[in-house]
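Here are my notes on the model you sent over, as a few numbered points. Have the viewer open while you read.

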Amino acid sequence: MFQTIKDWFWLEELWLPPTMKWSDLEDHDGLVFVKPSHLYITVPCAFLLLLIRYFFERFIATPLAKTLGIKKKIPKKIQHNPVLENFFIQSTRQPSQNDLYGLAKKCNQTVQQVEIWFKRRHNQERPCRLKKFQEACWRFTFYLFLTIAGIGFLYDKPWLYDLWEVWNGYPKQPLLPSQYWYYILEMSFYWSLLFSLGSDVKRKDFLAHVIHHLAALSLMSFSWCINYIRSGTLVMLVHDVADIWLESAKMLSYAGWTQTCNTLFFIFAAVFFITRLIIFPFWILYCTLVLPLHYLKPFFSYIFLNVQLLILQVLHLYWGYYVLKILIKYVLKKEIEDVRSDGEEESAEEDEPECLKNGHGRVRNPIPNGQPGH
């Protein structure tokens, strides 16, 4: 049964262009070709990155945060109240005015006392500014590393400058060491982002991030298996370059460097619109959708891969809408506000400047990244 499923899954008609067979992609004469088994190592590498991230946040990000004046705030203690605690856990964390009146009567307290209890109880579950700085610092560092690596891997490759070279000799294009390591680094990082979603700061676009990371991993895996390596590396580079500016803006936002943060956000917005809404749809998608038709007839993998890329572009439009909305608000108000939920503690979302709300996207995206982004 297992062998039957395996044989069906790897049908040559599904993965390869007509007339091509898996035997045509066997290693020979010192040339190495892509194999699905090459990607197995990305999962253990992801756990290694999580370990590296732990030490990075503890010994690099935390001291840096303290240097910038960011300290871990300890939420104010609250008096244990079984009635309010039960309502908080089982009903809602944001009681209505009628709920407050009823709870105040049950607890023999004033409505204001009950309101304060709920605010403080809610603040106990909010991530502190230090944690958000640590996460942004890690993502900034790795995005910067990936961008530098991508440029180093691609600067001397002809398909970076001539998209027709992407398909020259396809699919019998041998795997280069630089392409192998670029994919391993990208996929390992995305796996680590996916694995850490449960412990990272929850944001309003959480679901979009889950979809993005899964789409990125699916795209990179699929492009690897059908030897779309050249176009895949271009997609990854296009996505990584914008995320650096977003994460650096977040870091400085948490440090209170508002003016610098705003400047970096505008740079991010410009890079995002250029790479995700111009270069990606009009160059990359053109390269994957139109140019291959000059070399081969459409086949299943060609269609499936481009459907995934189009879904990714929809995510770009989704994040682009929020980025544009923030820019319009800035133009109208002439300032980017730092909104707080209350004067006592920080909020998981509301304590970020408007310029950073809903702006995160590393679809790395296949794309490989993508946040505004990834």
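1. Start with the contact of helix 4 with helix 5. On the helix 4 side you'll find Val83, Leu84 and Phe87, and they meet Asp99, Leu103, Lys106 and Cys107 of helix 5. By residue type, that contact comes out as five nonpolar, two charged and no polar. The two helices pack at about 150 degrees, and their axes are 9 Å apart. Angles over 145 degrees count as roughly antiparallel, so that is the label for helix 4 against helix 5. Bear in mind that this is a predicted model.

2. Next door in sequence is the pairing of helix 5 with helix 6. Here the angle is about 110 degrees, again with axes 9 Å apart. Since 65 to 115 degrees counts as roughly perpendicular, helix 5 and helix 6 fall in that class. Helix 5 brings Gln97, Leu100, Tyr101, Leu103 and Ala104, which meet Val111, Val114, Glu115 and Phe118 of helix 6. The tally for this contact is seven nonpolar, one polar and one charged. Leu103 is worth clicking on: it meets helix 6, and it also takes part in the contact with helix 4.

3. Which residues of helix 6 are buried? Val111, Val114, Trp117, Phe118, Arg121 and Asn123. Note that Arg121 and Asn123 are on that list, next to the nonpolar names. An α-helix has 3.6 residues a turn, so residues three or four places apart point the same way. With that in mind, look at Val111, Val114 and Phe118, which are buried and meet helix 5. The cover over the buried residues of helix 6 includes helix 4 (82-90) and helix 5 (97-107).

4. A quick geometry check on helix 6 (residues 111-123). Its 13 residues should span 18 Å at 1.5 Å a residue, and the end C-alpha atoms are indeed 18 Å apart, so the two agree. Helix 9 passes a similar check: 20 residues, 29 Å from first C-alpha to last, close to the expected 28 Å.

5. Now the cores. The largest nonpolar core holds 82 residues, and Phe189, Met220, Trp224 and Tyr228 touch the most other members. Two or more residues each come from helix 3 (42-67), helix 7 (129-154), helix 8 (177-195), helix 9 (206-225), helix 10 (229-254), helix 11 (258-289) and helix 12 (300-333). Helix 10 gives the largest share, 11 residues. There is also a second, separate core of 11 residues, with Ala104, Val111, Val114 and Phe118 among its members. Those four names also turn up in the contact of helix 5 with helix 6.

6. Back to helix 9: is it mostly covered or mostly open? Mostly covered, with 14 of its 20 residues buried. After helix 9 comes Asn227, which has a positive phi near 65 degrees.

7. One loop residue to look at is Val201, between helix 8 and helix 9. Val201 has a relative accessible area of 10%. The cut-off for buried is under 20%, so Val201 counts as buried. Its C-alpha is 9.3 Å from that of Cys128, although the two are 73 residues apart along the chain.

8. Last, the overall picture. How many helices and strands does the protein have? There are 12 helices and zero strands. Of the 374 residues, 51% are buried.

How values were computed
Residues are numbered from 1 along each chain as its sequence is written. This is a predicted model: local features need pLDDT of at least 70, side-chain atom pairs count only at pLDDT 80 or more; totals for chains, interfaces and linings use all residues. Side-chain values use heavy atoms; hydrogens and water are left out. The expected span of a helix is 1.5 Å times one less than its number of residues. Buried means under 20% relative accessible area, exposed over 50%, partly exposed in between (1.4 Å probe, protein chains only). Contact means heavy atoms within 4.5 Å. A nonpolar core is a set of buried Ala, Val, Leu, Ile, Met, Phe, Trp, Tyr and Cys residues joined through side-chain atoms within 4.5 Å. Axes are lines fitted to C-alpha atoms, for helices over the stretch in contact, and angles run from 0 to 180 degrees between N-to-C directions. Angles under 35 degrees count as roughly parallel, over 145 as roughly antiparallel, 65 to 115 as roughly perpendicular and the rest as oblique. Ala, Val, Leu, Ile, Met, Phe, Trp, Tyr, Cys and Pro count as nonpolar, Asp, Glu, Lys and Arg as charged, and the others, Gly among them, as polar.
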